[in-house]
Amino acid sequence: RYAFWETQPVAQFTEGSEPAEDGPIDKPKTVQDVRQEPYSLPDSFEWCVCDLTDDAVAHEVYELLSNNYVEDDDAMFRFNYSAAFLKWCLLCPGHKLEWLVGVRVKTSRKLVGFISAVPASIRVNAGRVPMVEINFLCVHKKLRSKRLAPVLIKEITRRVNRTDIWQAAYTAGVLLPKPVATCRYYHRSLNPRKLIDVGFSRLAPRMTMARTIKLYKLPDIPVTPGLREARPEDAPKIAELLNSQLGRYKLTQHFNAEEVAHWFQNIDNVINALVVEDPDSPGSLTDVVSFYTLPSSILGHPQHTELKAAYLYYTASTATPLKQLVNDAMAVAAARGYDVFNALDLMQNESFLKELKFGMGDGQLHYYLYNWRLGGGHSLQPGDVGLVLM
Ligand code: NHW
Ligand code: EN5
């Protein structure tokens with residue numbers, strides 16, 4: 001059934017009696033055991049490093065993904081990550097250009113394949129494991145089903161293993177062996193008229209457009225006193241707040257201050273991070289809420305070409321109710337012209353989804369670990385997951 005994945009150190013659907021402890025699936029290896037030569041591609045293709053610090057290259061990756069990356073089940077929408085977004089999330093602390101792997105056609109130099117890895121400290125249950133996060137695996141539509149994806153995956157594995165990292169985390173909408181958790185997407189309309197126009201959502205039974213617009217109306221400005229944009233100097237305090245809140249979950253990322261300064265900054269149309277500075281105690285931060293910008297191309301619509309979506313990223317709340325924090329983030333997004341606010345049912349998000357008028361989407365998101373087994377073959381509930389990948 002899974003000719004490639006059956007050969008990889010990942011949990012299989014068929015397994016019965018797993019070890020009781022979390023740990024690696026493969027027997028331990030050293031960097032010396034890892035082959036030095038890149039894997040072979042079919043004759044007409046060659047490997048390249050995609051140096052995203054070069055805007056021309058960033059634009060090539062952008063173009064590949066914008067035309068060939070993930071679509072919904074009915075092929076009505078396709079993710080349209082911006083070049084600025086790709087630079088933000090792939091040129092993060094600890095990044096390595098050799099981990100931004102491209103495949104080009106030898107004759108034309110056209111970019112037709114891509115996969116990326118970035119380092120992350122992932123905590124699974126009690127232990128922290130140095131991993132990479134794999135994302136943006138893409139093969140041009142004209143080259144599908146030629147088994148190029150397994151070559152891209154083996155090559156990035158080799159390049160990561162050469163640096164003495166042996167585990168990875170990744171998410172996908174498709175079912176592969178074997179998810180550690182499965183989450184659902186939820187959507188909160190900000191611009192219901194447009195969402196209905198483009199077929200993203202529909203008018204509920206016995207609802208008019210006017211009533212629908214009123215239902216989803218948000219305040220023009222946030223209500224939480226002390227809410228402001230995160231600044232670089234907030235990083236140590238945000239790290240403390242965030243890591244302590246993420247301590248609740250069984251699968252999460254640990255962020256040092258440098259990583260926080262990168263992942264929790266404000267770049268228009270890429271990432272927004274808000275903090276609450278306690279009005280009674282200047283300098284002390286009590287809460288964090290963040291969202292990233294991932295538009296989708298609307299495929300084949302006469303008027304609209306792009307859906308502007310915000311995705312809830314990490315939250316940490318100690319003084320402000322989570323529901324109010326997220327509502328404030330949505331108010332900011334609505335004021336900035338976003339059409340929809342998306343969230344997964346992970347962390348403690350179940351506690352606000354209904355009340356804040358999110359509806360369940362038709363998409364799922366499976367979480368996977370490479371070369372790491374959960375003791376007893378157990379899987380996690382969405383509420384055990386404290387990890388958000390782009
Ligand atoms: S998920 C988004 C992935 N990208 C897309 O869906 C974009 C649109 N689709 C495509 O570009 C986020 C192609 O369809 C792709 C497959 C390239 C997906 N993950 O080349 P073949 C990520 O980026 C398996 C993993 O003929 P294709 C996460 C499939 O099951 N495997 O297919 C990425 C089959 O294997 P099987 C996937 O359609 C995580 C084989 O590929 C997959 O032309 C990567 C067929 O290959 C997916 N999303 O190209 C793993 N989709 O066993 C990282 C299909 O069934 C592992 N397949 O025979 C860790 C590595 C690092 C370790 C470090 C220690
Ligand atoms: C790895 N980092 O299916 C990422 N999106 O629900 C790769 N549906 O937008 C993983 N089909 O439900 C990607 N509207 C996996 C997701 C792939 C994209 C995807 C889903 C997530 C989505 C929308 C549009 C469906 C169009 C038809 C959807 C209903 C919203 C409605 C709003 C009002 C209240 C009820 C629900």
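Which side chain has an N or O atom 2.6 Å from a nitrogen atom of ligand 2? That would be Asp-72, and the views below start there.

This is a predicted model, in which local features need pLDDT of at least 70, side-chain atom pairs count only at pLDDT 80 or more, and totals for chains, interfaces and linings use all residues. Residues are numbered from 1 along each chain as its sequence is written, chains are lettered from A and ligands numbered from 1 in the order in which they are written, and side-chain values use heavy atoms, with hydrogens and water left out.

**View 1. Polar contacts of ligand 2.** A polar contact here is a pair of N or O atoms within 3.5 Å. Besides the Asp-72 pair at 2.6 Å, a nitrogen atom of ligand 2 sits 3.3 Å from a side-chain N or O atom of Thr-171. Gly-363 joins in with its backbone: one of its N or O atoms is 3.0 Å from an oxygen atom of the ligand. On its own, ligand 2 has 870 Å² of accessible area (Shrake-Rupley method, 1.4 Å probe), and the protein covers 84% of it.

**View 2. The shell around ligand 2.** Count the residues with a heavy atom within 4 Å of the ligand and you get 22, with Asp-72, Asp-74, His-187, Phe-200 and Asp-362 the closest. β16 (359–370) gives the largest share, seven residues. Strands here are DSSP runs of E with at least two residues, and helices are runs of H or I with at least four, numbered from the N terminus. By class, the shell holds nine nonpolar, ten polar and three charged residues; Ala, Val, Leu, Ile, Met, Phe, Trp, Tyr, Cys and Pro count as nonpolar, Asp, Glu, Lys and Arg as charged, and the others, Gly among them, as polar.

**View 3. Where the two domains meet.** The protein splits into domain 1 (5–173) and domain 2 (182–386), with bounds from an automatic or database domain assignment. Their centres, taken over C-alpha atoms, are 25 Å apart. The contact (heavy atoms within 4.5 Å) takes 51 residues from domain 1 and 46 from domain 2. Together the domains bury about 4,400 Å², 58% of it on carbon and sulfur atoms; buried area is the accessible area (1.4 Å probe) that two parts lose on being put together, summed over both. Both domains give residues to the shell around ligand 2, so the ligand lies between them.

**View 4. Ligand 1 and its surroundings.** Ligand 1 has 34 residues around it, and the closest are Trp-5, Leu-137, Ser-145, Arg-147 and Ala-149. Backbone atoms do the talking here: a polar one of Phe-4 is 2.9 Å from an oxygen atom of the ligand, and an N or O atom of Trp-5 is 2.8 Å from an oxygen atom too. A backbone N or O atom of Leu-137 lies 2.8 Å from a ligand nitrogen. The protein covers 88% of the 1,200 Å² that ligand 1 has accessible on its own. The helix α3 (148–161) gives the largest share of the shell, seven residues. The class count is 24 nonpolar, seven polar and three charged.

**View 5. Two backbone oddities.** Most residues other than glycine have a negative phi, and most peptide bonds are trans. Pro-177 and Lys-178, though, are joined by a cis peptide bond with omega about -20°. Lys-178 is in the loop between β6 (168–172) and β7. Met-347 has a positive phi, near 45°, and is found in the loop between β15 (340–344) and α9 (350–353).

Note on methods. Polar contact = N/O pair within 3.5 Å; in protein donor to acceptor, adjacent residues only side chain to side chain.
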